[in-house]
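Me: Please take a close look at one helix in this model and at what surrounds it. Start just past its end, then work outward through its partners. Keep it brisk.

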Amino acid sequence: MFSVTDYDKLQQIMEESPDKKELLTRLLESHRMEVSAISHEIRNPLTLVYSTLQLIEAQHPEVLDFHHWDSMHQDIEYMSQLLDELSSYNNGEKLSLARTDTTVFLKTLVLSFASSILDTNIEFTSRIASGLPSIIVDPVKLKQTLLNLLSNAKDAVLSLSDSESPSIRLDTEYNSHTVRISISDNGSGIDTKDIPFIFDPFVTYKKNGTGLGLAITRRIITAHGGSIQVKSTLGKGTVFTVSLPVQKNP
């Protein structure tokens with residue numbers, strides 16, 4: 001699979017001439033089709049295995065007490081999650097664009113995330129700037145990326161000790177060309193030596209992580225013509241900032 005750096009280099013080459021762009025576009029499309037085909041072929045038997053396990057449980061409930069039964073379920077669920085995220089990564093550049101009311105979009109996002117942490121002691125605050133312009137985005141995929149960043153922040157602050165107060169903040173700002181959305185936390189932070197690699201596929205520092213979440217996020221943001229930056233201090237927290245262009249026309 002191509003890394004983030006590989007895609008950046010390919011993009012630079014594509015900009016050199018129309019012929020190179022056409023050739024590499026066909027290459028990338030072929031690559032995506034191969035990944036989709038492989039994922040599809042794996043998902044079918046995996047679904048059958050999961051259905052068979054459910055049938056066995058219904059007919060022989062005693063298997064629930066078997067020593068490795070739960071871990072087998074977890075392994076299958078992990079593989080299913082991996083296939084879902086692989087598909088999301090593979091299709092990250094395919095957008096269904098629509099002009100979107102940024103304020104309404106962000107308020108809905110904030111409410112969705114806030115409801116997911118009601119049973120925690122996390123302090124979540126949001127500051128949505130007034131007068132945000134509408135933006136042309138894929139609202140489903142953009143919501144996916146921002147919720148992923150918020151979920152990562154949640155995981156980071158939940159690792160804090162009882163004496164610390166976990167907090168997450170979402171801030172927005174804009175100028176005439178760009179809307180910026182920042183998500184910050186006071187969690188465990190990211191080691192400086194790891195930051196250059198966190199957006200690469202299959203790189204993860206989380207237990208049971210697939211290593212595709214941030215890769216998907218960056219790919220979707222880049223497909224929107226935007227960018228994502230990260231600043232982090234180990235033991236103090238992290239800030240991810242998503243920048244999205246403001247377009248005048250569809």
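Reply:

**Helix α6 and its surroundings**

Directly after α6 comes G225, and its phi is positive, near 80°. This is a predicted model, and every value below is computed from it.

α6 itself covers residues 213–223. Its buried residues are L214, A215, I216, T217, R219, I220 and I221. An α-helix has 3.6 residues a turn, so residues three or four places apart point the same way. Several of the buried residues of α6 turn up again where this helix meets α5. From the α6 side, G213, L214, I216, T217, I220 and I221 make that contact. Thus L214, I216, T217, I220 and I221 are on both lists.

Now the geometry of that packing. α5 and α6 pack at about 140°, and their axes lie 9 Å apart. An angle of about 140° therefore makes α5 oblique to α6. The crossing in which α5 passes α6 is left-handed. On the α5 side, the contact uses K141, L142, Q144, T145, N148, L149 and N152. The residues of this α5–α6 contact split into six nonpolar, six polar and one charged.

α5 has another helix to pack against: α4. α4 spans residues 102–116 and α5 spans residues 139–158. These two pack at about 40°, with axes 11 Å apart. That angle therefore leaves α4 and α5 oblique to each other. Here the hand is right: α4 passes α5 in a right-handed crossing. α4 supplies F105, L106, L109, S112, F113 and S116. α5 supplies P139, L142, K143, L146, L147, L150, S151 and K154. The tally for α4 with α5 is nine nonpolar, three polar and two charged. L142 is a useful residue to select in the viewer. It takes part in the contact of α5 with α4, and it also takes part in the contact of α5 with α6.

Follow F113 out of that contact. Searching the whole structure gives two aromatic pairs. One of them joins F113 and F124 edge-to-face, 5.0 Å from centre to centre, with 80° between the planes. F113 belongs to helix α4 and F124 to strand β2 (residues 123–127), so the pair ties together parts eleven residues apart in sequence. F113 counts as buried because its relative accessibility is 4%. F124 counts as buried because its own value is 17%. The other pair is F199 with F240, again edge-to-face, at 6.3 Å centre to centre and 85° between the planes. F199 sits in the loop between β5 (178–185) and α6, while F240 sits in strand β7 (residues 237–245). This pair links distant parts of the chain, 41 residues apart. Both F199 and F240 are buried.

Back on α4, look at A114. It is partly exposed, because its relative accessible area is 25%. A114 and S126 are twelve residues apart in sequence, and their C-alpha atoms are 10.0 Å apart.

β7 brings us back to α6. S243 lies in this strand. Its relative accessible area is 10%, so S243 is buried. Beyond its neighbours within four places in sequence, S243 contacts T178, V179, R180, I221, G226, S227 and Q229. I221 in that list is one of the buried residues of α6. It also belongs to the α5–α6 contact.

The end of β7 has a further partner. H177 is placed in the loop between β4 (167–174) and β5. H177 counts as exposed because its relative accessibility is 57%. Not counting residues up to four places away in sequence, H177 touches L244, P245 and V246. The C-alpha atoms of H177 and L244 are 8.5 Å apart, although the two residues are separated by 67 residues along the chain.

Last, the setting. The chain holds six helices and seven strands. Their order along the sequence is α-α-α-β-α-β-β-α-β-β-α-β-β. Of its 250 residues, 38% are buried. Among contacts with a separation of 6 or more, 71% join residues 24 or more positions apart. The pair of H177 and L244, 67 residues apart along the chain, illustrates such a separation.

Notes: Residues are numbered from 1 along each chain as its sequence is written. This is a predicted model: local features need pLDDT of at least 70, side-chain atom pairs count only at pLDDT 80 or more; totals for chains, interfaces and linings use all residues. Side-chain values use heavy atoms; hydrogens and water are left out. Axes are lines fitted to C-alpha atoms, for helices over the stretch in contact, and angles run from 0 to 180 degrees between N-to-C directions. Helices (H or I, at least four residues) and strands (E, at least two) are DSSP runs, numbered from the N terminus. Angles under 35 degrees count as roughly parallel, over 145 as roughly antiparallel, 65 to 115 as roughly perpendicular and the rest as oblique. A crossing is left-handed if the near helix is turned anticlockwise from the far one by less than a right angle, and right-handed if clockwise. Contact means heavy atoms within 4.5 Å. Ala, Val, Leu, Ile, Met, Phe, Trp, Tyr, Cys and Pro count as nonpolar, Asp, Glu, Lys and Arg as charged, and the others, Gly among them, as polar. Buried means under 20% relative accessible area, exposed over 50%, partly exposed in between (1.4 Å probe, protein chains only). Rings of Phe, Tyr and Trp (its six-membered ring) pair if their centres lie within 6.5 Å; planes under 30 degrees apart count as stacked, over 60 as edge-to-face and the rest as tilted.
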